[in-house]
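Subject: Structure for you to look through

Dear colleague,

Here is the structure I promised to hand over, together with its sequence. Please keep it open while you read, since my notes below follow it from one place to the next.

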Amino acid sequence: MIQAVVFDMDGVLFDTERLYATAWRESAKEYPIDADLDDLIIRSVGLNHTDTRLLFAEVLGEDFPFDEYTRFIGGRFRALVEKELPVKDGVYEILRWLSEEKIPTALATSTSRESAVSHLKRAGIFPFFDQIVTGDMVEHSKPAPDIYLIACDALKIPPAACIAVEDSPNGIRSAYAAGMLPVMVPDQIAPTEELRAMLFREFPSLTALLAFLKEQQRQGELKK
């Protein structure tokens, strides 16, 4: 029986993966990357700062100016977000419904706590989350299961009774490894057959996920 819902943030609640990709491409003009940039962007989705550093060292070598580059990316991304923080369709509806039905809700994002809280408050959805777990609370973020295990523990609900709403391969792998019910709402990356084998469900939007949760509640498969 489903007892709680845990959301990723970027690409699920906010249409920010597109802005991240734009910031990466603009930054690559100043810091040329001797690798497939699109592949590097995809592989970095869902990683925290520590694991992104490891990825860059693996792909570009230890001599690449990672700190300087990511500071530049961060500046470009913040400039883009200041102009627009695009909220995904269905966000307000699903969060309000979960709140009204008293279904525990958490956030599990590889983003820093400062950025996550800022985004949630700006969009007016901060109060909907019972727990918030961020990338700076774990040594290794997604695809490691740690961030989701902490979220489930904070909610005091077993992982097997928690839906994890994700858009990225790293996020799905993380939720699956944590023993949760991974739900994919694809954003920039389509699911592969490998990922589909890990999924509890796949939906085209949060609106479709909300319809599913309402039906599960009617059938007695969603516990208040």
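A154 is found in helix α7, and since the model is a predicted one, please take what I say here about A154 and the rest as computed from that prediction. With a relative accessible area of 25%, A154 is partly exposed, because a residue counts as buried only under 20% and as exposed only over 50%. Although A154 and A4 are 150 residues apart along the chain, their C-alpha atoms are separated by 12 Å.

Which residues of helix α7, which spans residues 146-155, are buried? They are I147, Y148, A151, C152 and L155, and if you look down the axis of α7, these buried residues fall within an arc of 135°, so they line one face of the helix. It may help to recall that an α-helix has 3.6 residues a turn, so residues three or four places apart point the same way. The cover over the buried residues of α7 includes β1, β2 and β3, as well as β4 (162-166) and α8 (169-177). Just after α7 comes K156, which takes a positive phi of about 60°.

Helix α5 can be read in a similar manner. In this helix, residues 91-100, the buried residues are V91, I94, L95, W97 and L98, and seen down the axis of α5 they fall within an arc of 160°, so they too line one face of their helix. Among the elements that cover the buried residues of α5 are β1, β2 and α10 (206-218). After α5 follows K102, whose phi is positive and near 60°.

Next, the sheet. In what order do the six strands of the open sheet stand? The order is β3-β2-β1-β4-β5-β6, and the pairing is parallel. At the edges stand β3 and β6 (201-202), each with a single partner strand, so one side of each is left without a neighbour in the sheet.

Strand β1 (residues 4-7) is joined to β2 by three bridges, and to β4 by four bridges, with the strands running parallel in the β1 and β2 pair and also in the β1 and β4 pair. You can follow both pairings from V5, which stands opposite T105 in β2 and opposite I163 in β4.

Strand β2 (residues 105-109) is mostly covered, as five of its five residues are buried. In a regular strand the side chains alternate between the two faces of the sheet. In β2 both faces are covered, with T105, L107 and T109 buried on one side and A106 and A108 buried on the other. Four bridges join β2 to β3, and these two strands run parallel; in β3, the bridge partner of A108 is V133, while T109 stands opposite T134. Together with helix α6 (residues 113-123), β2 and β3 make a right-handed β-α-β unit.

T134 deserves a pause of its own. This residue lies in strand β3, which covers residues 131-134, and because its relative accessibility is 0%, T134 counts as buried. The side chain of T134 makes a polar contact with the side chain of D136, at 2.6 Å. If its neighbours within four places in sequence are left aside, T134 is in contact with T109, T111, S112, R113, A116 and I147.

Finally, the nonpolar cores. In soluble globular proteins, nonpolar side chains tend to be buried together. How many residues does the largest nonpolar core have here? The largest nonpolar core has 54 residues, and F7, L13, Y69 and L213 are those with the most contacts inside it. Helix α4 (residues 66-83) gives the most to this core, with six residues. Apart from it lies another core, of 18 residues, which includes A4, V6, V138 and A175. As for L13, when residues up to four places away in sequence are not counted, L13 touches F7, D8, P86, V87, K88, V91, L107, L120, I125 and F129.

With best wishes

Note on methods: Residues numbered from 1 in each chain as written. Predicted model: local features only at pLDDT ≥ 70, side-chain atom pairs only at ≥ 80, totals over all residues. Heavy atoms only, no water. Buried < 20%, exposed > 50% of the residue type's maximum accessible area, 1.4 Å probe, protein only. Polar contact = N/O pair within 3.5 Å; in protein donor to acceptor, adjacent residues only side chain to side chain. Contact = heavy atoms within 4.5 Å. Core = buried A, V, L, I, M, F, W, Y, C linked by side-chain atoms within 4.5 Å. Pairing = 2+ DSSP bridges. Right-handed = clockwise from strand over helix to strand, strands pointing away. Arc of directions from axis to C-beta.
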